[in-house]
Structures are given as C-alpha cells and as structure tokens.
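Q: I'm new to this and I'd like to learn how to read a protein model. Could you walk me through one, feature by feature?

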Amino acid sequence: MFDYIKGALAELSPAKAVVECGGIGFDIQISLQTFQALQGKENVTVYLYHYLREDDEQFYGFATRDERELFKLLISVSGIGVGTARMMLSSLTDEEIRQAILAEDVVRIKSVKGIGLKSAQRVIIDLKDKIVKGAGTDNIIPVIGNNDSLVQEATTALVMLGFTKPNINKVLPGILKKNPDMRIEELIKEALKKL
C-alpha cells in the first residue's frame, strides 16, 4: 500500500524518525542502520513497511529498499516479530545478516539481543534458500566504470531467463572488467556461457 515517503526530516532519534510530508508528520520506527543513514539530512526518502494489527498500527522505515526487503523476510520467520527484526537490523547491517545466513553462522545471528539458539537456527533454515535465490535484495554489485545501466539491463534480462541475482552478480563484473565496451547482447551471451 505504501512504498516510501519523501519529505523534511522533522525529528530523528536512534529508534524513530518523524518525516513531514504535506503538512503531516509521520512517526516512523527505524533501525540504527537507518538512523545512521539519515543523520545530517534535511530532506529524506524513507522506504516504508506498514505494520497493521487489530490493536496496533505503525510505520517501519528504512534508508534502502534492500534493508526493507530483508526486514520483510525476517518477519516471515515464525517467532521473529517486527521488534526483533528491527533489533537485528540495528545490531548488524543487512549485508552482515545475509552473509551470516548464507554461512549458517548461528553464533553471529544469536549475538543479537532477543535471538536464542532455536530462533537463529530457524532464521537460517527458513531464509537460506530464499537469500541464495536473490530474495531480500534489489542490490546489483557495482561495476567499475559507467556501466550501471548496462549491468541493470543485463541483470533484468538474465533474471527473466531464470537466473538468480547472486549468481548474475558474480559473473557480470568479471566479464565487464575484461571488456568494458561490450554491447548489451554480447554481455548477455557471455554471461549465459558462464551461468
């Protein structure tokens, strides 16, 4: 329903931000990671998750779409609520959480306050396959040079062909490093040979 809010940052604390948009101040719960990204800014864009229960309604806000996507994955795990997911994103960056899940690093995930052994194991079991398939991120690994639109176009085409973003992101930078002046169709053909 709500994707993002863009407006003046009226108030900021490590746990919440108030963004004024159209004369209305929106009270948004944030992680420490988002707090650090918003510090020192007057106008901000915050990606929203609208949490709605019969007795509670809140906005959770994120500095990036990737952080929001990971938050949504985390709360899909049984026993992980919005508070625990926000605590995880405050204790570790979204990339550190993804790496811990992929590496099956129970100790790292368990180091977050409120996460016990069983919850950490459940997070890994429920999310590892999804993260391997590219869920919980919109991120494309940047390639040195001015190839951003080329990489995005190639990634979109390869995803539509059924390949996962993490695998695509491993292949494209190497191809472009060897030949940075490739046309889109050549890049896709080379990637198909390596995927």
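A: Sure, let's begin with a term we'll need for helix pairs. A helix axis is a line fitted to C-alpha atoms over the stretch in contact, and the angle between two axes runs from 0 to 180 degrees, taken between N-to-C directions. Keep in mind that this is a predicted model.

Q: At what angle do helix α8 and helix α9 pack, and how far apart are their axes?

A: Here's the general idea: two packed helices are described by the angle between their axes and the distance between the axes. In this structure, α8 (residues 165-178) and α9 (residues 184-194) pack at about 125°, and their axes are 10 Å apart. That angle makes α8 oblique to α9. The crossing of this pair is right-handed.

Q: Which residues of α8 and α9 meet?

A: From α8 come Val171, Leu172, Ile175, Leu176 and Lys178, and from α9 come Leu187, Glu190, Ala191 and Lys194. Sorted by class, the contact of α8 with α9 has six nonpolar, no polar and three charged residues.

Q: Okay, let's stay with α9. Which of its residues are buried?

A: Start with the cut-off: buried means under 20% relative accessible area. In α9 the buried residues are Ile184, Leu187, Ile188 and Ala191. They cover an arc of only 95° around the axis, which puts them on the same side of α9.

Q: Why can residues that aren't neighbours in sequence point the same way?

A: An α-helix has 3.6 residues a turn, so residues three or four places apart point the same way. Now look at the face of α9 turned away from the buried side: it carries the exposed residues Lys189 and Lys193.

Q: What about α4: which residues are buried there?

A: In α4 (residues 94-102) they are Asp94, Ile97, Arg98, Ala100 and Ile101. Their arc around the axis is only 165°, which puts them on the same side of α4. The cover over the buried residues of α4 includes α1 (32-38), α2 (65-75), α3 (82-91), α5 (106-110) and α6 (117-132).

Q: What is the phi of glutamate 104, just after α4?

A: First the background: most residues other than glycine have a negative phi. Glutamate 104 has a positive phi of about 55° although it is not a glycine. You'll find glutamate 104 in the loop between α4 and α5. With a relative accessible area of 44%, glutamate 104 is partly exposed.

Q: Can we try another helix pair? How do α2 and α3 pack?

A: Use the angle and the distance again. For α2 and α3 the angle is about 135°, with axes 9 Å apart. The two helices are therefore oblique to each other, and their crossing is right-handed. On the α2 side the contact is made by Glu67, Leu70, Phe71, Leu74 and Ile75, and on the α3 side by Val82, Ala85, Arg86, Met88 and Leu89. Those residues divide into eight nonpolar, no polar and two charged.

Q: And at what angle do the axes of α2 and α6 cross?

A: They cross at roughly 135° and come within 10 Å. That makes α2 oblique to α6, and this crossing is right-handed. Leu70, Leu73 and Leu74 in α2 meet Val123, Leu127, Lys130 and Ile131 in α6. By class, there are six nonpolar, no polar and one charged residues in this contact.

Q: How do I read distance along the chain against distance in space?

A: Compare two pairs. Serine 149 and isoleucine 184 are 35 residues apart in sequence and 9.7 Å apart in space, C-alpha to C-alpha. Alanine 37 and glycine 81 are 44 residues apart along the chain, and their C-alpha atoms are separated by 23 Å.

Q: Where does serine 149 lie, and where is alanine 37 found?

A: Serine 149 lies in helix α7 (residues 148-160); it is exposed, with a relative accessible area of 53%. Alanine 37 is found in helix α1 and is partly exposed, at 30%.

Q: Let's zoom out. How many helices and strands are there in the protein?

A: The protein has nine helices and five strands. Along the sequence they follow the pattern β-β-β-α-β-β-α-α-α-α-α-α-α-α. The C-alpha trace spans about 55 × 45 × 30 Å along its principal axes. Of the 195 residues, 37% are buried. Among contacts between residues at least 6 apart in sequence, 52% join residues at least 24 apart.

Terms used. Residues are numbered from 1 along each chain as its sequence is written. This is a predicted model: local features need pLDDT of at least 70, side-chain atom pairs count only at pLDDT 80 or more; totals for chains, interfaces and linings use all residues. Side-chain values use heavy atoms; hydrogens and water are left out. Buried means under 20% relative accessible area, exposed over 50%, partly exposed in between (1.4 Å probe, protein chains only). Helices (H or I, at least four residues) and strands (E, at least two) are DSSP runs, numbered from the N terminus. The arc is that of the directions from the helix axis to the C-beta atoms. Contact means heavy atoms within 4.5 Å. Angles under 35 degrees count as roughly parallel, over 145 as roughly antiparallel, 65 to 115 as roughly perpendicular and the rest as oblique. A crossing is left-handed if the near helix is turned anticlockwise from the far one by less than a right angle, and right-handed if clockwise. Ala, Val, Leu, Ile, Met, Phe, Trp, Tyr, Cys and Pro count as nonpolar, Asp, Glu, Lys and Arg as charged, and the others, Gly among them, as polar.
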